[in-house]
Amino acid sequence: MSAARGGPEGAWGQFSKGVFRLNPIFVIILGLCPALAVSVSVANAIGMGAAATFVLLGSTLVVSSLMGTLRRFFSPPLYRQVQRIRIPIYIVVIASFVTIVDLVMHAWAPALHARLGIFVPLIVVNCIILGRAEAFASRHGVGASLLDALGMGLGFTLALCLLSAVRELLGAGRLFGAPVFGPAFRPALVMTLAPGALITLGLLMGLFRYRRLRRGDDGLL
Amino acid sequence: MDFFELLMIFVGVVLVHNFIFSRFLGLCPYVGVSERIPSAMGMGMAVIFVMTMSSVITWAVYEWVLVPCGITYLYIIAFILVIASFVQLVEMFLQKSVPALYRALGIYLPLITTNCAVLGVATLNRQEFFGTPGSLLKCVVQGFGGGVGFMLAMVIMAGIRERLDLADVPEALKGIPIALITAGLISMAFLGFSGLSF
């Protein structure tokens, strides 16, 4: 399964692996907290996904170009010294982009900002972003890293949308805020509360894994 | 501000708004380290300590540095840096002076930096308490209570997962999926606490 870890070569492979095969939520299982907390409605999910994707793209751009430049211009011993403090560097870069998102969202989409609550500042500790910076962006060129970040961000957003669509449909009988079923439908309130989130995610994750097991591709987890 | 108010904050954060079962903070370590009761206890202890201390430190940084300088909008960067360096410092201190405790907590400490419950409690403190009278004490209680609630959730889950090993779980649900579904059922039970009011 070495191909599954590195992903197939080529631009399309770098981009598409994050969407499905290495989906951050369902397959790598990173970034669960925001996924569960904001997936009450599809609108929230798209807002969170867009914010996380922006931070992912920005931090990837800075980290990959910074580490690439340092690798080229520093002597190897000096570069190894820099490597020892790479995690704090990543965290500062990520936190700066999160601050940008936080302020922009507060100014332009205050309602969304209020609904997402503390999960906007908490994008800093979203493991997907630090994970991609460490595992991919610091070792690859800017172009490949941006494609990887875009794919991962899209995969995260799609996973959030799937999760929130199930919860919004069953918990409120709506999709994008518009009623879907007739007035006779009685929504299951529990789906919009905490238990619904955990159970839906568990079942969806099981579904993804069932699909992999059926195809005999179980080398990932 | 009296003792009663602090008690309400504590009970609220441990049972009603439990960090894991109702606020979804700190799920990664919750899923990752809750397989055996001893490791769940170790992680819980480390989280209680770090959450209490980082509540105090972020309060001090915010009130004494960020507010006087007028740069409160940089709180995200300041908080995460302070928490990360605090965890690093604790690790170094324990390694030198209390090696037994370091060995017990050792592997869990670095994991805590990316535990969103720690940054989460600092952000919640900022939203709810900063600038109100007695804010430091409330922050400490919320940090400590949050850690206790986290440990409670971890230990309950570890107890169940030790038995789950013997159960006949469908292949596709083994491991994390069944852990999440179990957590969902526990959190349904915890919903009962939401009627708890004084």
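**Close-up views of a two-chain model**

A:Ser145 is a fully covered spot to begin with: its relative accessible area is 0%, so this residue counts as buried. Keep in mind throughout that the model is predicted.

**View 1. A:Ser145 sits in helix α9 of chain A.** The helix in question covers residues 142-172. With a relative accessible area of 0%, A:Ser145 falls under the 20% limit for buried residues. For a sense of scale, look across to A:Leu22: the two residues are 123 apart in sequence, and their C-alpha atoms are 15 Å apart in space.

**View 2. The largest cavity is lined by residues that include both A:Cys33 and B:Cys116.** Searching the whole structure turns up three cavities of 30 Å³ or more, and the largest of them holds about 100 Å³ of space. Its lining is made up of 14 residues, and those nearest the centre are A:Cys33, A:Pro34, A:Val125, A:Asn126 and B:Cys116. Helix α3 of chain A (residues 32-38) gives the largest share of that lining, with three residues. What is the make-up of the lining, in nonpolar, polar and charged residues? It splits into 11 nonpolar and three polar, with no charged residues.

**View 3. A:Arg86 and A:Glu134 join up in a salt bridge.** The side chains meet at 2.9 Å, N to O. A:Arg86 belongs to helix α6 (residues 86-108) and A:Glu134 to helix α8 (residues 127-137), both of chain A, so the pair ties together parts that are 48 residues apart in sequence. A:Arg86 has 24% relative accessibility, which makes this residue partly exposed.

**View 4. In chain B, a loop arginine, B:Arg23, pairs with B:Glu128.** Here the closest N and O atoms are 3.8 Å apart, which makes this a salt bridge. B:Arg23 comes from the loop between α1 (3-16) and α2 (27-33), while B:Glu128 is in helix α7 (residues 116-128), so the contact ties together parts that are 105 residues apart in sequence. Are the two partners buried or partly exposed? B:Arg23 is buried, at a relative accessible area of 18%, whereas B:Glu128 is partly exposed at 36%.

**View 5. B:Phe24 has a positive phi.** The angle is near 55 degrees, and the residue is not a glycine. Why give this a view of its own? Most residues other than glycine have a negative phi. B:Phe24 lies in the loop between α1 and α2 of chain B, and this residue is buried, with a relative accessible area of 5%.

**View 6. More salt bridges: a pair in chain B and a network in chain A.** The side chains of B:Glu171 and B:Lys174 come together at 3.3 Å, N to O. B:Lys174 is partly exposed, its relative accessible area being 39%. Over in chain A, salt bridges link A:Lys17, A:Arg132 and A:Asp148 into a network. Over all chains, the salt bridges come to seven.

**View 7. Nonpolar side chains make a surface patch on chain A.** About 440 Å² of nonpolar surface is made by A:Ile46, A:Leu175, A:Phe176, A:Val180 and A:Phe181. A:Ile46 comes from helix α4 of chain A, which spans residues 42-73. Its relative accessibility is 38%, so A:Ile46 counts as partly exposed; patch residues need over 30%.

Conventions:
Residues are numbered from 1 along each chain as its sequence is written. Chains are lettered from A and ligands numbered from 1 in the order in which they are written. This is a predicted model: local features need pLDDT of at least 70, side-chain atom pairs count only at pLDDT 80 or more; totals for chains, interfaces and linings use all residues. Side-chain values use heavy atoms; hydrogens and water are left out. Patches are made of residues with over 30% relative accessible area and no salt bridge: like charges are joined within 9 Å, nonpolar side chains (Val, Leu, Ile, Met, Phe, Trp, Tyr) within 5 Å. Accessible areas come from the Shrake-Rupley method with a 1.4 Å probe; for residues, only the protein chains shown count as cover. A salt bridge is a side-chain nitrogen of Lys or Arg within 4 Å of a carboxyl oxygen of Asp or Glu. Helices (H or I, at least four residues) and strands (E, at least two) are DSSP runs, numbered from the N terminus. Buried means under 20% relative accessible area, exposed over 50%, partly exposed in between (1.4 Å probe, protein chains only). On a 1 Å grid over the protein atoms alone, a cavity is a set of points where a 1.4 Å probe fits but cannot get out, and a pocket is an open set with protein on both sides within 12 Å along at least five of seven lines; lining residues have an atom within 4 Å of a point. Grid points are joined across faces, edges and corners, and a volume is the space filled by probe spheres set on the points. Ala, Val, Leu, Ile, Met, Phe, Trp, Tyr, Cys and Pro count as nonpolar, Asp, Glu, Lys and Arg as charged, and the others, Gly among them, as polar.
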